[in-house]
Each structure stands twice: as structure tokens, then as C-alpha cells.
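Let's take a walk through this structure together, starting with one small spot and working outwards from there.

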There are 2 protein chains.
Amino acid sequence: MPHTTLQLISRIQDSGLLELRFIEQTLPPLGPDDVCVEVQATPINPSDIGLLFGAADLSTLRNTGTAENPILIADVPPQAMPGMTGRLGQSLPVGNEGAGKVIDAGSSPAAQALLGCTVAMVGGGMYARHRVLPHQQCLLLPQGTSAADGASCFINPLTALGMVETMRLEGHKALVHTAAASNLGQMLNRICQKDGVELVNIVRQPAQADLLRSIGARHVCDSSSPTFEQDLTESLAQTGATLAFDATGGGTLAARILACMENAIQRGAKEYSRYGSNTHKQVYLYGNLNLAPTEIKRSFGMAWGVGGWLLFPFLNRMGAQRTEALKQRVASELHTTFASRYSRRISLHEVLDTAMVANYTERSTLNKYLIEPQ
Amino acid sequence: MPHTTLQLISRIQDSGLLELRFIEQTLPPLGPDDVCVEVQATPINPSDIGLLFGAADLSTLRNTGTAENPILIADVPPQAMPGMTGRLGQSLPVGNEGAGKVIDAGSSPAAQALLGCTVAMVGGGMYARHRVLPHQQCLLLPQGTSAADGASCFINPLTALGMVETMRLEGHKALVHTAAASNLGQMLNRICQKDGVELVNIVRQPAQADLLRSIGARHVCDSSSPTFEQDLTESLAQTGATLAFDATGGGTLAARILACMENAIQRGAKEYSRYGSNTHKQVYLYGNLNLAPTEIKRSFGMAWGVGGWLLFPFLNRMGAQRTEALKQRVASELHTTFASRYSRRISLHEVLDTAMVANYTERSTLNKYLIEPQ
């Protein structure tokens, strides 16, 4: 096990300057439950882009280091600084999840058992050559699985499974998902098909609708269509979906989904209530693709909720045992239900290449990058 | 028991014309559990005004009947008609709650026990001379209580108690209330003082703040003050309130409350999380004083929710036993905690007096009318 490792950190100064650079970080000594992993593959998820760049204006991005030792800087607009208060001055290690080979392990039998194995990891700081972490944050990958295949084991698979679990836990019988053609959205379709859960997919373009239908999606509604709200109401009436997960966050989409849900419910209503139906309709916002405020025109009665949804608090709510069962399911269906595809593989240094930044921060359905730090 | 009764009904035609009139309604025969009540007092609550006038434009209100037999009509603007779909063509009886004397009763012992007694009632259609309803929807008022004193036994008292119960049920430790100088808001202050619950009151005018302080409120924040958000954050930090009930519904207030809650929580935070604190912050919208869309600028992390809150679904959620206990508490504290004050008492016919309509629909803190139908 080496003494130090190369680690990518992000820092915003009080002045509003964002700085991204590599630092030579001393690796901590191994506790009994810790393992040291050589990071071989780590994806760039939207959540990583959020931590990397914060609220910085990417049009101001420039390299003030060298090709060998790049230091990217960018400006955070003054009006966006209040949202950054909590992280000012801190050097934050980046990279939510990854996979690699366990090259050293603490004294506990559970840690020792992983020595030499390929594991998936979660816990931040993965944009590095090595990572020391407790074995509980690792998932042993099935024999013969490459680090690349296991690198996205946690965030997308557990988020998609978490949506279905939330549906069950909160008593809904079908799901709605927006930005549904994403990597995560396709995974959710595979889970729902396997588990017999009805899923209404909302996309923004005909090509995305075609893609989802080609993988077997039955309900796909294109928000660019003039008949979007009728189509959505029809799908909601057929499926009985009263829970939606929305990746866009801002704008009117969440409220429009609630209104269509209520209209679908009212089709079967016998009696007028000026408070609307008593059926609870819920939209969870789990992403921020649209940074505008969420605008809710209240036209769907009183039995509704909109709120934030985040993976790790949800896993806490479910408890360790149920979470472990979900992780085991991910491991056993890694090459089918939970397979991830990457549009490009890059080195750790290329993360700080300004041209590359423009590529991997582009928000498009099939744009997913994998970092290979070794 | 009479054969018929005078009943105020509200109807919106497909053309968009609202019509309010009295009809001579045949009273149904009494089932074993039913009682017939002579309605002596029934309040005009905001929820009654909603059912009476729907989305009609009150500036178009006119009387097409006579002084003896008034028929008020008004126009619903075309853009508001979609929200009225569910009630089109229906003659809806108005009046959520009231009180009066039981003049006839069905054969069951529980119904018979109420004969001759003064009871409070809930269940709609109270703007009438008589009302037949199951005894379960009545509350026997303590000996010597007048119908006027018991007329507002249900909606405001149970709504205020429901807020405190929701706080307990959902694990919050203090409350925020908007439009806090209202009849309901003052009642909530008396409950919270009695129960030792910390309450942050939000009002819109200095005079309302003075009124609340005069009845012992400790935390009062005036949204017209330039230091409103600092004041609110300070009160939230002192009380630890993470649950708000908002009567306004529209605009930015709900989101500003959530942002101040998060700021209050972050004062004690040790570590940065770009997803905000893990403390769940909730705002329930239980009214619609501001008809504008709810605008949520998401600047308070991911642990938040906004949703509708309605009394009767909440009572269902709590169950019959707990609801009965709350009703008994209302009866026993009717002259103290749950005392209602009325600014004016009017006859049933005066409800359809156009000048009176202008008065009782005015939204002001201390404007509460009582109808005395006999």
C-alpha cells in the first residue's frame, strides 16, 4: 500500500473563485475494518458534476496550471454565492462511487476476506488513484466482473431500486419517471419490467420515446407533443400511478403531472368535492436539470405533496438489512438489469482538460463518462 | 319534525353562471341513528365562502330574485371554469358546521339520548332551518352552552388541534403558522400555550403582531418588516420548528419559510453537504388566501416537502378513537381555548343580500359572521 495518493479536489474561495486541482494526499493508516483499494474505474454522475463545479459559470473556465499539473479555475456569479456558503474554503474530494482492486486490508476477518478482490465502493473521494475506506462501504463483485462493469453499482442502481421501494413503502401502485430515457431511466424500465411494476415514462423528444419503446417500455409520453397532457392522463388512468420521480426539479412539470393524476382519478369519481379526490398524489424531485423555481399551480385538490428525494436518507429510512438486500440484488443482476454503458473512457488527468469538461458536462441522454485512474 | 326545510344551495351552470338560492327541501325520514336538528347558529368559514361562490367573479354579483326570495347570480370567468368541472349543474347545499337543538331522533339509544339537547354538527348543508344527520356527526354540548357558542366547534378547533397532532405524529418539535392573527391562529396560540408547544406566528401587519403579543405569543414575525427573514430565522433557531402550516398557499412564502428553516439548522452544522441538512422540513398548505401559483426556489437542500393538508383526511388518518378524544377536548374547553368571537350575526336570508356578501367575503383577520337561521 502506498503512503500517498493523487486526489482530485474542488474548492471555492470566499472571493467566489472555484479551483480544481490534484493534490498528493497522505493515505490514512488502516483500521481493523478498513481496506485500501486501487481505484480502476469511477463514473462521472450528475451528482459529481454538481460537487466539482458548484454554481460556477463554466464559460469562465480556464487552466492556470500546466498540461502536466492542470489547475482549472472558474468564477461563481455573486448571486449564486449564498448557495455555496457551506463549502467555502474547503478542499472537497470528488467522486461518489467507483470500483477497483483491494490491495491491502485491516485485521478484521471481513476486511481480510476482500484482499485481492474487485469491489465496488461508495463514499466520496473516488477521483483518486487509491482510496482507504471501511469494508462496509464496499460491495464484493461477482468473480470475473471488471472494475468498469462494477463502477456504477451504487448511485444509479440503488436510486432506481429506491424509487420502486418508495412506491411500495408509501402505498402507491405504479410509477411516473421524467427524463426517462437517461441511463437511470432505462435501468428503471428494466427493473419495472422484471418486477411487474407499471411505469409511465416522460421524455422530451420523439427519439427518446423511440429508444424507450425499443427496450419494451409500454407507457411513454413525450412532453414536446401537443397531446402530452391527454396522453399522460390516459397512461395514468391505465396504470393508476400516483407517485412520480422528477429529475428536472424546476418549472411547471411537477404540477402538470399532479393535475393529470387528479384528472385520471376524477374519471372514476362519483361525487363532487371541492377539495378534490382523497387520493394522495406525490411528486419527488430528485434532480435539478431545470434550475428555475418549481411553479405549482394548485388545481388538483388538497391531497398532494411535492418534495425532495435523496438516495442516502432513503436508505437510512429503509434500514441496513433491506439496503444490504438491494445491494446483493445489484451484484447478482449487474450484467443485465443494472448494466451501465459509457460513451467514453478518460484518464484522471483528462477530467481537468477544459475541452473534455465541455463534453462531459453536456446534459444529454446517452452522455456518460468513465474515469480510469490507473 | 317538519316535512320540509329551507336550504341554501349553490349551483354553477355549464354556461358559467353561478346561482345561489333557497329551495324548499324535503327532509328524509329518520334512520335509527339519525337525529333532526333545528339549526340555530352556523358560521361563515372561508371554506363555506369557497363552496358558495366557487371561482365566480364577485364584481358581477346581482340579485335576479326579489327581496323576499333572493336569487343571486354571478359569472365564473371562462379561464376559471376547468376548476369547476366537478360541480357543474349540481345543486350543492352549503354550510360546513353549525349547532342547534335536537327536535326528533331515530330509534337507537344513542340518537334518543340527544333528544332535546343542544348539539354541534358537522357534515355540510347547515345553511338551512333544519338538518337531518347521523348522531355520530354531532357533539353533545355541555349543559348551558348556547348554539352560538357551539356553532364553530369543529372546523377551527379540530384544524388547530390537527396541526399540533400532525407535529407530534410526524416528529417535529415546534410549529410555524401563517395568517397567524386569524380566529384559527389565536386558537392555535391558546392550544400551544396550554400544551407547552413553541409556535412561530407569521403575520402581515404590525397591528396583527401586537394583537398576538397581547394574548401571550412569544414568537411573532411580521412579513412586512424589512428584517422578516432574519427575524424568522432567529425564531426558528430558538424553537427548532421544522413544520409550518400556511393559509396563504400561493406565492413565495412557503419556500421562504423552508429557506429560513434550513438556515436556522445550518447554524449548528459542522460539515458541508451540497444536498443540505438531513433534517426534514415541511410546509403544509391548508388555505388559498393567495391564489397565485406556489413558487418554490429550491435553495434549502433536498430534505423538504410541500403539500396540501385537509382536516377530514387527517382525522381519518388518526382514527375514530383519537378523533373522539379531540372532540371531547373541544367540548370541555369550549369557553376558553376554543372560544370563537363573531363580528356580526345575520339571518339566513341576509346571506343572499348583495351588500352583506361584500362584507362577509372580505378577508380580514377579525371578520367572522354567524348565521342564525331561526
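Start at A:Thr178, which sits opposite A:Ile202 in β12(A). Keep in mind as you look around that this is a predicted model. That pairing belongs to a longer stretch: strand β11 (residues 174-178) and strand β12 (residues 198-203) of chain A run parallel, joined by five bridges.

Now check how much of β11(A) is open to the outside. Not much, as it turns out: five of its five residues are buried, meaning under 20% relative accessible area. You can turn the strand over and still find cover. One side carries A:Ala174, A:Val176 and A:Thr178, the other A:Leu175 and A:His177, and all of them are buried.

Next, head over to where the two chains meet. Chain A puts 37 residues into the contact, and chain B puts in 37 residues as well. Together the chains bury about 2,700 Å² between them, with 59% of that on carbon and sulfur atoms. On chain A's side, the elements giving two or more residues are α1 (46-53), β15 (249-251), β17 (290-296) and β18 (304-308). The top contributor there is β17(A), with seven residues. Sorted by class, this side of chain A has 17 nonpolar, 15 polar and five charged residues.

So what links the chains across that boundary? There are 15 residue pairs in polar contact between chain A and chain B (both at pLDDT 80 or more), while the salt bridge count is zero. The strands also reach across: three bridges join β17(A) to β17 (residues 290-296) of chain B, and the two run antiparallel. Look there for A:Glu295, which stands opposite B:Glu295 in β17(B).

Key: Residues numbered from 1 in each chain as written. Chains lettered and ligands numbered in written order. Predicted model: local features only at pLDDT ≥ 70, side-chain atom pairs only at ≥ 80, totals over all residues. Heavy atoms only, no water. Contact = heavy atoms within 4.5 Å. Buried area = accessible area lost by both parts, 1.4 Å probe. Salt bridge = Lys/Arg side-chain N within 4 Å of Asp/Glu carboxyl O. Polar contact = N/O pair within 3.5 Å; in protein donor to acceptor, adjacent residues only side chain to side chain. Helix = DSSP H or I, 4+ residues; strand = E, 2+ residues; numbered from the N terminus. Nonpolar A, V, L, I, M, F, W, Y, C, P; charged D, E, K, R; others polar. Pairing = 2+ DSSP bridges. Buried < 20%, exposed > 50% of the residue type's maximum accessible area, 1.4 Å probe, protein only.
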